[in-house]
Structure formats: structure tokens, C-alpha cells
Amino acid sequence: MMNDLTRRVLMVTGASLLATAAVAGPAQNAFGFSFTSIEDGTLNFADLKGRVLLVVNTASFCGYTYQYEALEKLHATLEKSGLTVVGMPSQDFNQESGSNEAVKAFCDATFGVQFPMTGLLHVRGPQADPFYKWVRAEKNWEPSWNFGKVLIGRDGRILSVFGSGDEPTGSRLRGAVDAALKA
């Protein structure tokens with residue numbers, strides 16, 4: 001028979017597990033997430049199932065904003081091989097426009113961005129989008145600045161995370177993308 005202390009420990013442990021599951025969300029992999037797109041439609045990762053995803057938290061007024069150009073080139077070059085770059089604009093670091101329309105206009109006019117983008121969302125902290133809560137739960141990582149990158153394999157699992165300083169054309173990131181495409 002369980003004593004009162006054991007029963008309490010089991011109740012607290014069970015509640016903690018439920019809370020962790022709620023934070024991580026229902027998805028077992030990235031293909032379970034969907035977002036409002038920058039055009040106000042829906043961007044379902046389920047529609048990208050079987051592709052390699054490079055998910056990037058972006059900002060229009062950051063020192064790393066120039067990476068949009070390389071991200072677009074990477075997307076255009078490797079799209080037929082199975083890569084999709086996904087931009088996720090965020091104002092979490094106070095360097096993004098205040099509306100989806102302004103972000104889209106900037107990206108179109110300045111960099112000719114063709115890869116899919118979500119609407120503005122949070123990438124860190126308690127208000128983070130469920131995708132980023134899942135990344136944090138899986139990898140103990142959240143973006144510390146704009147242009148953090150999450151590489152998702154064809155099976156929807158997180159392969160690696162990269163910081164702002166990991167250039168889209170750099171050997172570390174490009175090597176990981178190439179390996180993911182070959183898997």
C-alpha cells in the first residue's frame with residue numbers, strides 16, 4: 001500500500017509530465033506544426049513532410065539581416081534537392097517591423113525572398129510559439145538573437161541548431177544541410 005508521501009510524489013511527478021507535454025505541444029516532430037503565413041494564410045509543416053527544413057528566426061533591422069540574401073540563394077539552389085528554408089519573423093529582439101505587411105514588403109523589395117515565411121511570432125520565453133517551445137524541450141535551445149537556425153531532417157526531427165553567426169553559406173551549416181539532404 002502507498003503511503004501519503006509516495007502518493008504525493010507520484011501526483012507531482014505526473015503533473016510535471018503533463019505540464020512538460022503541454023509546453024512541448026502535441027507534435028512528435030516538426031511536421032505537426034502549423035503557422036499563420038506572412039500573407040495571412042496557413043503554413044502547414046505537414047505540407048512539407050519529407051523535405052529538409054531550415055527554420056530561421058528573422059528580423060528586418062538586424063546586423064545579420066544580410067543573411068536573407070544567402071538564405072534565398074540556398075533555398076533556390078537546393079529546393080529541387082528537397083530543402084525548404086522557412087523564415088519566422090520575430091520582434092523578440094526589437095529589430096523587426098510591426099506588421100506582416102511591412103516585413104513582407106521589406107523582404108520582397110530588398111532581397112526578393114521567395115521561401116515561405118510565417119507571420120510575426122515569438123521565438124523565446126514563455127510566450128514562444130509552440131514550435132520554439134518544442135525545440136527548447138527537445139534540444140534545450142532557443143534563439144539568443146535573430147537569425148538562429150533549426151535544421152529539421154526529412155523525418156521531422158531536429159538535426160541541429162545554429163546561432164546567428166553560423167552563415168547560411170558557411171561550411172558548418174552547409175555541411176549539415178548537405179548531409180541532411182543525402183539522408
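Me: How many aromatic pairs are counted in this structure?

Reply: This is a predicted model, in which local features need a pLDDT (the predictor's confidence in each residue, from 0 to 100) of at least 70 and side-chain atom pairs count only at 80 or more, while totals for chains, interfaces and linings use all residues. Residues are numbered from 1 along each chain as its sequence is written, and side-chain values use heavy atoms, with hydrogens and water left out. Rings of Phe, Tyr and Trp (its six-membered ring) pair if their centres lie within 6.5 Å; planes under 30 degrees apart count as stacked, over 60 as edge-to-face and the rest as tilted. By this rule, the number of aromatic pairs is 14.

Me: Is the pair of Tyr68 and Phe147 stacked or edge-to-face?

Reply: Helices (H or I, at least four residues) and strands (E, at least two) are DSSP runs, numbered from the N terminus. Tyr68 belongs to helix α2 and Phe147 to the loop between α4 and β5, 79 residues apart. The ring centres are 5.5 Å apart and the planes stand at 90 degrees, so the pair is edge-to-face.

Me: Which residues of helix α3 are buried?

Reply: Buried means under 20% relative accessible area, exposed over 50%, and partly exposed in between (1.4 Å probe, protein chains only). The face of α3 turned away from the buried side carries the exposed residues Glu101 and Ala109. The buried residues of α3 are Asn100, Val103 and Cys107.

Me: What do the buried residues of α3 pack against?

Reply: Contact means heavy atoms within 4.5 Å. Helix α3 covers residues 100–111, and Gly112, just after it, takes a positive phi of about 60 degrees. The packing partners of the buried residues of α3 are α2 (67–78) and β4.

Me: Which element supplies the largest share of the largest nonpolar core?

Reply: A nonpolar core is a set of buried Ala, Val, Leu, Ile, Met, Phe, Trp, Tyr and Cys residues joined through side-chain atoms within 4.5 Å. The largest one has 24 residues, with Phe45, Met88 and Phe131 among those with the most contacts inside it. β3, β4, α4, β5 and β6 each supply at least two of its residues. The largest share, four residues, comes from α4.

Me: Where does pLDDT stay under 50?

Reply: The protein chain averages a pLDDT of 89, and 85% of the residues score at least 70. Where pLDDT is low, the predicted coordinates should not be read in detail. The stretch where pLDDT stays under 50 is residues 5–26.

Terms used: The expected span of a helix is 1.5 Å times one less than its number of residues.
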